[in-house]
Amino acid sequence: MAASHLALRVATLLTGLLECLGFAGVLFGWTSLVFVFKMEHYFKDQCELNATLMVNSTEQADCKAQDERFSLIFTLASFMNNFMTFPTGYIFDRFKTTVARLIAIALYASATIIIAFVSVDTAPVLFLAMPMLTVGGMLFLITNLQVGNLFGKHRSTIITLYNGAFDSSSAVFLIIKLLYEQGISLRSSFLFISACSVWHVGRTFLLLPRDHIPYPLPSNYHYGLCSCSHTLMRTPPSPSENPGPEQQEKLRSFWHYALTRRFIWHLVWLSVIQLWHYLFIGMLNSLLTHLASGDRVLVSTYTNAFAITQFFGVLCAPWNGLLMDRLKQKYHKEVRKTGSSTSMVALCSTVPSLALTSLLCLGFALCASIPILPLQYLTFILQVVSRSFLYGGNAAFLTLGFPPQHFGKLFGLVMALSAIVSLLQFPIFTLIKGPHPNSPFYVNMTLVLATLLTFVHPFLVHQECRRQKGSPSPAA
């Protein structure tokens, strides 16, 4: 590989990592941004304060109506983050990299400008701006995941790293909050983010191809700056891209796999765990305000701690991939000895990851349900590790458990359906904030019991592996 080509690929990798880390998943730093919005008195007119409640410089009124508005905005934005994966994935497949990224840049820049100029009177436009921001960020992630194709055997590591960077980008709103407390206005911060669109555009045309990055990568592949003096020489498609008659005979329709028990229980696994994470992030500011008895300084301290732990998602995510890679290597040795199905062996390597993710979520859910403020530090740690494992494990399971020809559609379908389940977070939030003093306890215990359902998925996959070990089997 020529030095110039290697330098270009490394530049693409590093700038892609920076893009995911700084822009793609900022929505999940919502708790930090809500703190600033409350300081700016957004939706304050919705509050009906008790005349006997004293509010001073160290107290913050627990306003149910205001919290509901912020919870609803996050519910809508997080729903769009998942539901729009299917159409945005189609845009990327159909119109290629450049068009998809220009759409992402337009959405992202428009959203940040709207947020920059929002005021107390125009706060409802956040219902439009935040979904635009999250859809633009998701497109940034989708168009960057293909960068892993440039590095062959390190492909999975890079994809996992980018997903971790997506999680860690929630720390951006913490930086905005800290700058706000130092006197830098919300408008200045979001105008700076909007101005970064120039960098996104430059990267789109100079460091990325107009089409897709192929896999496996042709030896004479050129793109971006190196494509000016070269033309791409197409190589014959690999057997996996052009299945032979025997492979086509075995390959069943998309709906056959979408209606299997394996896929349905994976949807339940993803939806329940993801609902816990979205609900926790969406109501964290309200929870901290309640546990800190309205002490604004304490709320700010715990909000900062939560946002800092989110940054470590980029370090946690690759461990899940490493666990599965090690298990695959171990099981492949068994394949040579026993003649077991390679696809089934790959599937079996996901069982510990699925079970560990469920266990982490259960621990996180139990800690989040106990109303003790110092315990929330442990909750924050379990939450970021669980969330890092969740999305990497989701992509890995769909890759290993189903034919690659259907991966894109199955990934889009599971994300879209789990997005519909995530809409439950708003009625759950309303129940928790209800008039009955024991409402949070009953709701949390119900959700903890629902979390136990997620252990059914790794158990069924394990049972399937035991039944079919030693003989090839289609998804069932």
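**Entry: the loop after α12**

I began with the loop between α12 and α13 (296–311), where Ser 293 lies. The model is a predicted one, and I kept that in mind throughout. I looked up the backbone of Ser 293 and found phi near 55 degrees. That value is positive, and Ser 293 is a residue other than glycine. Then I asked: is Ser 293 buried or exposed? Its relative accessibility is 62%, so Ser 293 counts as exposed. The cut-off for exposed is over 50%.

**Entry: a second positive phi**

Next I turned to Phe 43. It is found in the loop between α2 and α3 (64–83). Phe 43 has a positive phi of about 60 degrees, although it is not a glycine. I checked its cover too. The relative accessible area of Phe 43 is 5%, so I noted it as buried. Buried means under 20%. My two loop entries now read like this: Ser 293 is exposed, whereas Phe 43 is buried.

**Entry: the whole chain**

I stepped back to look at the chain. How many helices and strands does the chain have? I noted 21 helices and zero strands. The chain has 476 residues, and 53% of them count as buried. Its exposed surface is about 21300 Å². Carbon and sulfur atoms supply 68% of that surface. I also looked at contacts between residues at least 6 apart in sequence. Of these, 82% join residues at least 24 apart.

**Entry: α2 against α12**

For helix pairs I wrote down two things. Two packed helices are described by the angle between their axes and the distance between the axes.

I took helix α2 (residues 30–39) and α12. Their axes come within 8 Å and cross at roughly 55 degrees. That angle makes α2 oblique to α12. The crossing is right-handed. On the α2 side, I listed Trp 30, Thr 31, Val 34, Phe 35 and Lys 38 as making the contact. On the α12 side, the list is Ile 281, Gly 282, Leu 284, Asn 285 and Thr 289. I sorted the contact of α2 with α12 by class: five nonpolar, four polar and one charged.

**Entry: α12 against α16**

I stayed with α12 and looked at another partner. Helix α12 (residues 261–291) packs with helix α16 (residues 351–369) at an angle of about 35 degrees. Their axes are 11 Å apart. Here α12 passes α16 in a left-handed crossing. From α12, the contact uses Trp 269, Ile 273, Trp 276, His 277 and Phe 280. From α16, the residues include Leu 354, Cys 361, Phe 364 and Ala 368. By class, the contact of α12 with α16 has nine nonpolar, four polar and no charged residues. I set this beside α2 with α12, where one charged residue takes part.

**Entry: Phe 364**

I picked one residue from that contact. Phe 364 has its place in helix α16. Is Phe 364 buried or exposed? Its relative accessible area is 0%, so Phe 364 is buried. Which residues does Phe 364 touch, leaving aside neighbours within four places in sequence? I found Trp 276, His 277, Phe 280, Thr 379, Leu 382 and Gln 383. Trp 276, His 277 and Phe 280 belong to the α12 side of the contact with α16. I checked one pair by distance. Phe 364 and His 277 are 87 residues apart in sequence. In space they are 9.2 Å apart, C-alpha to C-alpha.

**Entry: α4 against α5**

One more helix pair went into the notebook. Helix α4 (residues 85–116) and helix α5 (residues 126–145) have axes that come within 7 Å. They cross at roughly 140 degrees. That makes α4 oblique to α5. The crossing is left-handed. I noted the classes in this contact as 21 nonpolar, 10 polar and one charged.

**Entry: two residues of α9**

Last, I looked at helix α9 (residues 197–206). Ser 197 lies in this helix. Ser 197 has 11% relative accessibility, so it counts as buried. Beyond its neighbours within four places in sequence, Ser 197 is in contact with Ile 105 and Ala 109.

Leu 206 is found in α9 as well. With a relative accessible area of 42%, Leu 206 is partly exposed. Leaving aside its neighbours within four places in sequence, I found Leu 206 in contact with Leu 8, Gly 224 and Leu 225. I also looked up Tyr 223, which is 17 residues from Leu 206 along the chain. Their C-alpha atoms are separated by 8.4 Å.

Note on methods: Residues numbered from 1 in each chain as written. Predicted model: local features only at pLDDT ≥ 70, side-chain atom pairs only at ≥ 80, totals over all residues. Heavy atoms only, no water. Axes fitted to C-alpha atoms, helices over the stretch in contact; angles between N-to-C directions. Helix = DSSP H or I, 4+ residues; strand = E, 2+ residues; numbered from the N terminus. Left-handed = near helix turned anticlockwise from the far one by under 90°. Contact = heavy atoms within 4.5 Å. Nonpolar A, V, L, I, M, F, W, Y, C, P; charged D, E, K, R; others polar. Buried < 20%, exposed > 50% of the residue type's maximum accessible area, 1.4 Å probe, protein only. Areas by Shrake-Rupley, 256 points an atom, 1.4 Å probe, with all protein chains shown as cover. Parallel < 35°, antiparallel > 145°, perpendicular 65-115°, else oblique.
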